[in-house]
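Student: Could you take me through one part of this protein closely, a single sheet with the helices that pack on it, and set it in the context of the whole chain?

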Amino acid sequence: MAKFRARARTLDMLGKQQIAGIPTALHELFKNAYDAYADQVSVDYFRRQDILFIRDDGVGMSREDFEGRWLTLGTESKLRLENSSPPPARKGREYRPTMGEKGIGRLAIATTGKIVLILTKPELDDGSGSITVCLIHWGLFEIPGVDLDQIVIPLQTVDSISEVTKDLVESMRDELVAVTEQLSSNLALLPYTSAIANDFRSWTLPIERLQTLSGPTLTGDGSGTHFIVHPVDDELTADIDARSEKANSTLKATSLEKMLLGFSNSLTKPGATPMTANFRDHLADGETIDRIAEQQFFTPEEFELADHKVSGEFDKYGNFSGKISIYGGEYKEVKIPLFDSGAERDCGPFKLSFAYLQGTKRDTRVPSDLWEPLRLKLDKLGGLYIYRNGIRVLPFGNSDFDFLEIERRRTLSASYYFFSYRRMFGAIDITADANGNLKEKAGREGFQSNRAYRQFREQLMSFFEELAARFFREEGAYSDEFLNERTALQKEFALSQKRERQSGSRRKKLSADLEAYFSRVADEGHQKAFSEEVSTAKARVSSLVEGEDLATAADQILKIEKDLLLKLQSHLNSFRISRPSGVGLNKALARQWEQYQRSYGEDVLPHFENAKREAEATIGNIARDAKVHLDSRMRLAAALSAAEEFSEKSVSQKRKDAKTELDETSKYVTDQLRSAKEALQRTKDEVDISLSEFSFDTASDDDLDAFHAEIEGKLLEARKVFEVNLASISSQLKRIRDTGDQSEINSDATVAALETELEVLKEDYTQTLDLAQLGMAVSIVQHEFEGNVRGVRRSLQAMKRWADKNEALREIYNDIRDGFDHLDNYLSLFTPLDRRLRRRKTKITGTQISEFVQDLFGERFRRHQVRFEVTSTAAEHYLESFASVVLPVFVNLVDNAIHWLSRKDGERSIVLDSDGNSFIIRDNGPGISAMDRDLIFEFGYSKKFGGQGMGLYIAKTSLNKDLLDISLLDESRAGAVFAIGPMETKVD
C-alpha cells in the first residue's frame, strides 16, 4: 500500500505559479471578498513605506474557519456535500453564487509579496468576534524536498485590533524564523532558509498605518479579512506605471487597469453593483490616486451618449430579442432569429447590452468636446465585458482580447462587417445557474474551450454579422435611418468645418488687427501721425507766404489744407477696424472689440478732431499775418471736397469688391445649374439605352415590373437631385436679396449673433466642467487631507515625547512641526469651496496679510530679489470677512506679481497700501496692456505660459459672494495696481 504525499512546493505551484501577475491576483482576491459577502474591498499601496493593504468588510472567518477553510486546499464547499458546511453567508442578504472554482484563489496573495500578515474577524450579531492573526513567508513553500506538513504557520487570536501590536507581530516573526532554523539542519536547504532568515533580519511591519485608513475596518462590530503585505513585489509598481507606446494619440491601459477596472457591472446595471472596489495608490510625494475609481471606467451617462445602443437577451435556443437605438433615436424592437433547429444551446440564455461610437467626427452625433474624450477612453478600454452574477470574468473586455474576432473581420471589409471592437463598450451578463456550462480556466484566461463556449462564441459572432447586415449596410432592410442620418451628419460636418475655417481665419485676422491697434495706441502712434501731418502742412504754408508771389498764395494754401485733410482722414482710417460680417466672436474677442470701440471713440477720434481744428486755426493765422485773404466759402468747399473725394475712393473700392463677388457668384450659380442639368440628361440617356437593350419579347411580367421600377427609380432620383440643387441655389439667392432689403431674418447680423451666442455657450460649458472638476478635486483633497492630518498630528504628539528627552531629536522635531503647521495653514485655503456654517467673519488686518504673504513667499522674494513692503496705513486697515476668502486673493496677486517681476531688470517691488476704504496692492512690473484690462477677470484668460486663467476669476467670484470686490485701477505709473475692498452699492 502507498499514499500520495504533498510537497510544500505544491502550494507554490497551485497558487503563485497559476497567477499571471499581481493585477490578476488582486482580481482573485476581490472575487474571494465577493464570496464573503463584502460590500467593499479596498487596496491601499503606500509606495514610500513599501506596504500594501488589501481589506474587505465581508463576513470574515473565525479561527476554526481560517484553519478549516483558508489553510485547507481543495475545500468541498462548492460541491455542497452532506458532510461539508457551506461558506458563511451574511444574514439578510441575497444569496451569492460562489465565484471561486478551485478553492485556491486565496493563494493569489503570494504574488503580491513574500511576507503577508493576515487579520480576519467573523461577523457576529454582537460584534464580539475575536481576530485571528497569521504571518506567512511564502518563500517557505518554494523550498524543495520539504513536505507540506513540515511547515508550521504562526497563528494568534486577539480580542481587538488594538492588541495587534508591533510586539505581537515581531513575536510571530520569531516563531517563523524558528521554523526556518529547524529546516536549516538539512544543509542542502541552507541557501533557501538563509534567504528567508535574511528577509526577516531587518523586517519590521508598520502596523500603525492601518489605523489611518478609511474604509473596511475590524474595530467595533466590523468584520472581514485584511492582508498586509510588506515588502511589496516590484512588479506592482511596474504594472501601475508602465505604459505601452502611444497608439492613436493615446496611452494604452496598464495591466492593473485591464484587470481591475469594471470589476462590478456598474455600466448597464447602475445602482445594483453587488460590491464596490477601489485601489488607492499613495505616491511618494503625498498624492493619492484611485486607480480603479468608477469614473475611470465607462459610465451609464457615456453609454447613453454613444451613437448607437443595443440591449436585449438571447433565449435558450440562441435567438435574440431586444431593442436598438440608431443615432440616439427612439428605441425600436428588434428580433434576430439565428438558429431554427429548435434545440436548446449548451451555453444557456444570457443578456447583452452595448453602445457604439462612430469612429470619425463627421459620422457622429456626439458633440466634439465629448466625442474626443470618449474615443480616447475607448482606445484604452473599449470592448465587451462579461459579467457572471455582476462580477467580471477575465480577460473579457480587455482591448487586446477580441474573442469574437470583430476587429479581424472588419479589416476584411469595414462596410460589410461595420463594427469595430475598439469603438464598442458593453456587458454580456451571464449567471451561475443559467450558464453553468461556461467554465473558467484555472489561470483566468477566459472560458474553457468546450461545446458551450464554442456555441456561445458562434452565437455572438453571427449576431453581430446579422445586426450589421440589417441596420448598417447600404442594402440593409432597416438601414435607411442610419444611412440618412449619417449622410446628414456628414453634410453638416463638412459645412461646419468650412464655416469654422472661414470664421476662424477671420477671427484670427480681427484679433491680430486689434492687437496691432492697441500696440500703436500704446506707443501714441495716432498722436504722432496727426501731429506730424499738421506740422508738415504748417511748414509748407509758412514757406509759401514767405515767398514774393502772394497773388497765388491763397489758392496754394487751400490746396495744402485740402491735402492735409485727406491725409488726416487717411491716418484716421488706418486706425479703423472692420468687424468681419457674419462672424461670431468668442468672449475674449468680444471684450477686445468693445475695448477697441471705446478706445477709438475716446482716444483716436478726439485727437483727429483736435488736429483738424488746430490745422484750420494755425493755417488761418499764418495767412492772416501774411495778409493773404482766404475766402471762408472756398475753405469750406475745399473741406467738403476732401471729404467727398475720400468717401468716393472708399465707396469705389467697395463697389468694385461687390462687383467681383457678383461676377464670381453668377459664374458659380451658372456652373451649378449646368452640372445639375447635365447629370439629369446623363440619367435620361442611360434610361434610353436601357430601354433599347431590354428584351421585351422574352421578359416575364415580373421582369417588366422590376425593369419599370428600376428606370423609374433612376429618373426620380435624378429629378430629386436636380430639384434639391435648384432649391438650394434659390434659397441662397433669396437670402442675399433679403439681406439687401435689410431683413432681420437670414442677415449676416443674425448669423453673427447666433454664432457669438454659440461661442459663448461653448466657453461657458467648458468653464462649468472645469469648475465642477475643480470642486470635486478639492473635495477629494479635503477628505484625504483631513485623515492624513489627524495621522500626522498623532505622530507628532508621539514624537514630541521623545524630542523633549532627546536634544538631538528636538531640532528635527521643531523643523517638522514648523513645516507641517505651514502646510496645514496653506491648505486651509481650500475651505472657501466648502462653505461650512461654523465659519465666522473676523477682522483681517494688513499686518496679518503681510505676515501670511511673507511666510508663504519669503523664499521666492529672496530668490527673485523682490522687495515686499507694507505701508503704515495698510498695516492698520482691515476687512471684515473670512480669512479663507481674503487671503487666497493676495496669494494670487503676489504670485502673479513675482512671475512678471522676475522677467524685468532693476528694482523689483510689491507694495501693500490702503486708501482708507480698500487695500491697494501694486508692483513695478510691466503692467497690464489696454487690450487685456477688461479680460483679466475672465475665466480661462491668462498671459502666463501654461497658465490656467482661473486665479483672478475665482478671487473675484469668491469676494463678490461676501460683498467684496477686486478691481484693476487705471494709474499712469508702470506696473499693475489692484484694489480689494467693499463692493460698490449701486443706487437706482
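Tutor: What follows begins with the chain as a whole, turns to one sheet strand by strand, and ends with some parts outside that sheet.

The model is a predicted one, and its protein chain has 24 helices and 22 strands. Of the 988 residues, 43% count as buried, and the accessible surface comes to about 53300 Å², with 50% of that area belonging to carbon and sulfur atoms. Among contacts between residues at least 6 apart in sequence, 71% join residues at least 24 apart.

The sheet to look at is an open one, in which 5 strands are arranged in the order β17-β19-β20-β22-β21 with mixed pairing. Its edges are formed by β17, residues 867-870, and β21, residues 964-968, each of which pairs on one side only. Neighbouring strands are turned against each other by 15° on average, if direction is ignored. Helix α21, residues 846-864, packs on the sheet and touches β17, β19 (909-914) and β20 (919-923), while its direction makes about 175° with that of β17. Helix α24, residues 951-961, also packs on the sheet, touching β21 and β22, and its direction makes about 145° with that of β21.

Strands of a sheet pair through backbone hydrogen bonds, either parallel or antiparallel. Here β17 and β19 run parallel and are joined by 4 bridges, and within this pair Glu869 has Val911 of β19 as its bridge partner. On to the next pair, β19 and β20 are antiparallel over 5 bridges, with Ser914 bridged to Phe919 in β20. These two strands form a hairpin with 4 residues between them, where Gly916 takes a positive phi near 90°. Towards the other edge, β21 pairs with β22, residues 977-982, in the antiparallel sense over 5 bridges, and Ser967 has Ala979 of β22 as its bridge partner.

How is β19 covered? Of its 6 residues, 6 are buried, so the strand is mostly covered. In a regular strand the side chains alternate between the two faces of the sheet. In β19, Ser909, Val911 and Asp913 point one way, whereas Ile910, Leu912 and Ser914 point the other way, and all of them are buried.

Outside this sheet, the largest nonpolar core of the chain has 91 residues, and those with the most contacts inside it are Leu119 and Phe279. Leaving aside residues up to four places away in sequence, Phe279 touches a set of residues that includes Leu26, Val43, Tyr45, Leu236, Ile240 and Ile292, and also Asp290 and Arg291. Another core, of 44 residues, lies apart from that one, and Ile324, Phe419, Ala452 and Met461 are among its members.

Helix α2, residues 22-35, offers a check on helix geometry, because its 14 residues at 1.5 Å a residue should span 20 Å, and its end C-alpha atoms are indeed 20 Å apart. This helix is largely enclosed by the rest of the structure, because 13 of its 14 residues are buried. Tyr37, which follows α2, has a positive phi near 60°.

A last detail concerns Ser128, which sits in the loop between β3 (115-121) and β4 (131-137). Ser128 counts as partly exposed because its relative accessibility is 45%. Its C-alpha atom is separated by 8.2 Å from that of Gly220, although the two residues are 92 apart along the chain.

Definitions and conventions. Residues numbered from 1 in each chain as written. Predicted model: local features only at pLDDT ≥ 70, side-chain atom pairs only at ≥ 80, totals over all residues. Heavy atoms only, no water. Pairing = 2+ DSSP bridges. Axes fitted to C-alpha atoms, helices over the stretch in contact; angles between N-to-C directions. Contact = heavy atoms within 4.5 Å. Buried < 20%, exposed > 50% of the residue type's maximum accessible area, 1.4 Å probe, protein only. Areas by Shrake-Rupley, 256 points an atom, 1.4 Å probe, with all protein chains shown as cover. Core = buried A, V, L, I, M, F, W, Y, C linked by side-chain atoms within 4.5 Å. Expected span 1.5 Å × (residues − 1).
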